[in-house]
Amino acid sequence: MNSYADLVNKILSLKQDIDSEYFSNPKIKRDLEEGIWYDFLLYDRLLRKYECQRHGAIYLGGHNGEMLLTLILLGFS
């Protein structure tokens, strides 16, 4: 991957392959992509500010894996 944008596009493409109906509305895809970038920028800034290590994460709450891409982009394994 050349950039974060390439990674985002690849994962969105994989998600679309798995559940094509999820992206039948272009607004859903745009909102998801915007949410990923917003979370990435926000959490990256917080992690840097508080000098947090990025080893692993536990995400609690109702979701369909939306935070997974953000956590990968942030360097969590």
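The exercises below work through the fold, pocket and salt bridges of one predicted chain.

Local features of this predicted model need pLDDT of at least 70 and side-chain atom pairs count only at pLDDT 80 or more, while totals for chains, interfaces and linings use all residues. Residues are numbered from 1 along each chain as its sequence is written, and side-chain values use heavy atoms, with hydrogens and water left out.

**Exercise 1. State the secondary structure and the overall burial of the chain.**

Step 1. Helices (H or I, at least four residues) and strands (E, at least two) are DSSP runs, numbered from the N terminus. The chain has three helices and zero strands, in the order α-α-α along the sequence.

Step 2. Of the 77 residues, 22% are buried (under 20% relative accessible area; exposed is over 50%, partly exposed in between; 1.4 Å probe, protein chains only).

Step 3. The exposed area is about 5900 Å², and carbon and sulfur atoms supply 54% of it (Shrake-Rupley method, 1.4 Å probe; for residues, only the protein chains shown count as cover).

Step 4. Among contacts (heavy atoms within 4.5 Å) with a separation of 6 or more, 52% join residues 24 or more positions apart.

**Exercise 2. Describe the largest pocket and its lining.**

Step 1. A pocket is an open set of points on a 1 Å grid over the protein atoms alone, where a 1.4 Å probe fits, with protein on both sides within 12 Å along at least five of seven lines; lining residues have an atom within 4 Å of a point. The largest pocket has a volume of about 180 Å³, taken as the space filled by probe spheres set on the points, which are joined across faces, edges and corners.

Step 2. Its lining includes Ile11, Leu32, Asn64 and Ile72. Helices α1 (4-18), α2 (26-49) and α3 (66-73) each supply at least two lining residues.

Step 3. By class, the lining holds eight nonpolar, two polar and two charged residues. Here Ala, Val, Leu, Ile, Met, Phe, Trp, Tyr, Cys and Pro count as nonpolar, Asp, Glu, Lys and Arg as charged, and the others, Gly among them, as polar.

**Exercise 3. Count the salt bridges, then place the partners of aspartate 31 and aspartate 44.**

Step 1. With a side-chain nitrogen of Lys or Arg required within 4 Å of a carboxyl oxygen of Asp or Glu, the count is four salt bridges.

Step 2. Aspartate 31 pairs with lysine 27 at 2.6 Å, N to O. The two are four residues apart in helix α2, so about one helical turn separates them. Aspartate 31 is partly exposed at 33% relative accessible area, and lysine 27 is partly exposed at 44%.

Step 3. Aspartate 44 bridges to arginine 48, with the closest N and O atoms 2.9 Å apart. Again the partners are four residues apart in helix α2, so the separation is about one helical turn. Arginine 48 is exposed at 60%, whereas aspartate 44 is buried at 14%.

Step 4. Aspartate 44 also bridges to arginine 54, at 3.0 Å between the closest N and O atoms. This pair links distant parts of the chain, ten residues apart, with arginine 54 in the loop between α2 and α3. Arginine 54 is partly exposed at 22%.

Step 5. Asp44, Arg48 and Arg54 therefore belong to one network of salt bridges.

**Exercise 4. Locate glycine 56 and list its contacts beyond four places in sequence.**

Step 1. Glycine 56 lies in the loop between α2 and α3 and is partly exposed at 44% relative accessibility.

Step 2. Leaving aside neighbours within four places in sequence, glycine 56 is in contact with Phe76 and Ser77.

Step 3. Isoleucine 72 is 16 residues from glycine 56 in sequence, and their C-alpha atoms are 10.0 Å apart.
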